[in-house]
Amino acid sequence: MEESLVPLVPMSHTAHIRSHRKPRRNASSIAMRAGVAGGVLSTVAVAGASTAAFAAEPVTQTLELPTLTADLATQAAQSADATQAMAADYQLQAERDAAAEEAAKQADKDLAKAKKEEARKKAAEEAERKAAAERASRDSERATLSTNSSTATSTTTAPVGGSVDTVINFLKAQLGDAYVMGATGPNAWDCSALVQAAFKQVGVDLPRVSQDQSMSGTEVSLSNLQVGDILYWGSKGSAYHTGVYIGGGQYLDAANPSKGVVIQDLSGYPATGAVRVL
């Protein structure tokens, strides 16, 4: 008899170690795995069949989604229109508020201007009333002085009593009158015309111009002045301005176009010399 040869299967070099041996599959494990595999294949087959069945049926298009989309578009457009209308309303209201504020400011300005103009008119009227009263007072004093002077004697010597006071009172009655070169009164004077008119009230006939007035009467020292002395500026015989000393270091003169007839201090504008005719 021939002996059958048994094939030898080489073993792993770790096969003799129990923990390194591969576990043997039993029959139940193999059966379970076969069943799972068969189930998976069945499921795939069913799914494929279902897909084929669905593919064979006609596809029906639904109108629900387009209808919903149109509604949303309409609502969005309406919302945009409402937002734009609201923004326009806000803009219009802002413009109205700005116009109202500007109108209120302009009204305040107009009111302030009207009040200022009214105050100016009242001040002008008050100044005119005072000026009229002063003119009336000066005219009355001039009339009295003219009456008194009509009885005076024409002479270069001092009349009896009160002559200096008469001169000074006449000069003070002209305070505030204008200065005009060549004017001789009654409401405008130049310097020499005022001096001439003042002394004429007491009968002293003085020359018309400053140069000649500086040569009249008796020369006196500026340290020995008396009320009523005639002051002059410039060289004697060629003086360019005259005034009358009224005491207290002051004099009265028709100064210049900007000042008119005023009272001034000698310390501010010292005279060159003085003459005495009373």
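## Confidence and overall layout

The chain averages a pLDDT of 77, and 64% of the residues score at least 70. The model is predicted. Two stretches stand out at the low end. Over residues 43–47, pLDDT stays under 50, and the model has zero contacts for them beyond four places in sequence. Residues 49–56 also have pLDDT under 50 throughout, again with zero contacts beyond four places in sequence.

The chain has five helices and eight strands. Along the sequence, the pattern reads α-α-α-β-β-α-α-β-β-β-β-β-β. Of the 278 residues, 24% count as buried. Contacts also reach along the chain: among those between residues at least 6 apart in sequence, 56% join residues at least 24 apart.

## The enclosed helix α4

How many of the ten residues of α4 are buried? Eight are, so the helix is largely enclosed by the rest of the structure. The buried residues begin with a run of five: Cys-191, Ser-192, Ala-193, Leu-194 and Val-195. Ala-197, Ala-198 and Phe-199 complete the set.

An α-helix has 3.6 residues a turn, so residues three or four places apart point the same way. In α4, Ser-192 and Val-195 are among the buried residues. Both of these touch Gln-213.

## Gln-213 in helix α5

Gln-213 is found in helix α5. Is this residue buried or exposed? Gln-213 has a relative accessible area of 0%, so it is buried. Leaving out residues up to four places away in sequence, Gln-213 touches Ser-192, Val-195, Gln-196, Pro-207, Arg-208, Thr-242 and Val-275. One of these partners, Val-275, belongs to strand β8 and is itself buried.

## Strand β8 and its neighbours

Strand β8 covers residues 273–276. In a regular strand the side chains alternate between the two faces of the sheet. Both faces of β8 are covered. Gly-273 and Val-275 are buried on one side, and Ala-274 and Arg-276 are buried on the other.

Which strands pair with β8? Strand β3, residues 218–220, runs antiparallel to β8 and is joined to it by three bridges. Here Glu-219 has Val-275 as its bridge partner. Strand β4, residues 230–233, is also antiparallel to β8, again with three bridges. On this side Tyr-232 stands opposite Gly-273.

## The largest pocket

The largest pocket holds about 240 Å³ of space. It is lined by 19 residues, and the closest to its centre are Tyr-179, Cys-191, Tyr-240, His-241 and Ala-255. Of these, Cys-191 is also one of the buried residues of α4.

Which elements each supply at least two residues of the lining? They are α4 (191–200), α5 (210–213) and β6 (250–254). By type, the lining divides into nine nonpolar residues, six polar and four charged.

## A cis peptide bond in a loop

The peptide bond from Gly-185 to Pro-186 is cis, with omega near 5°. Where is Pro-186 placed? Its place is in the loop between β1 (178–179) and β2 (188–189). Gly-185 lies in that loop too.

Gly-185 has 31% relative accessibility, so it counts as partly exposed. In sequence, Gly-185 and Ala-197 are twelve residues apart. In space, their C-alpha atoms are 8.5 Å apart. Ala-197 is one of the buried residues of α4.

Conventions:
Residues numbered from 1 in each chain as written. Predicted model: local features only at pLDDT ≥ 70, side-chain atom pairs only at ≥ 80, totals over all residues. Heavy atoms only, no water. 1 Å grid on protein atoms, 1.4 Å probe; cavity = no way out; pocket = protein on both sides within 12 Å on 5 of 7 lines; lining within 4 Å. Points joined across faces, edges and corners; volume = space filled by probe spheres on them. Helix = DSSP H or I, 4+ residues; strand = E, 2+ residues; numbered from the N terminus. Nonpolar A, V, L, I, M, F, W, Y, C, P; charged D, E, K, R; others polar. Buried < 20%, exposed > 50% of the residue type's maximum accessible area, 1.4 Å probe, protein only. Pairing = 2+ DSSP bridges. pLDDT = per-residue confidence, 0-100. Contact = heavy atoms within 4.5 Å.
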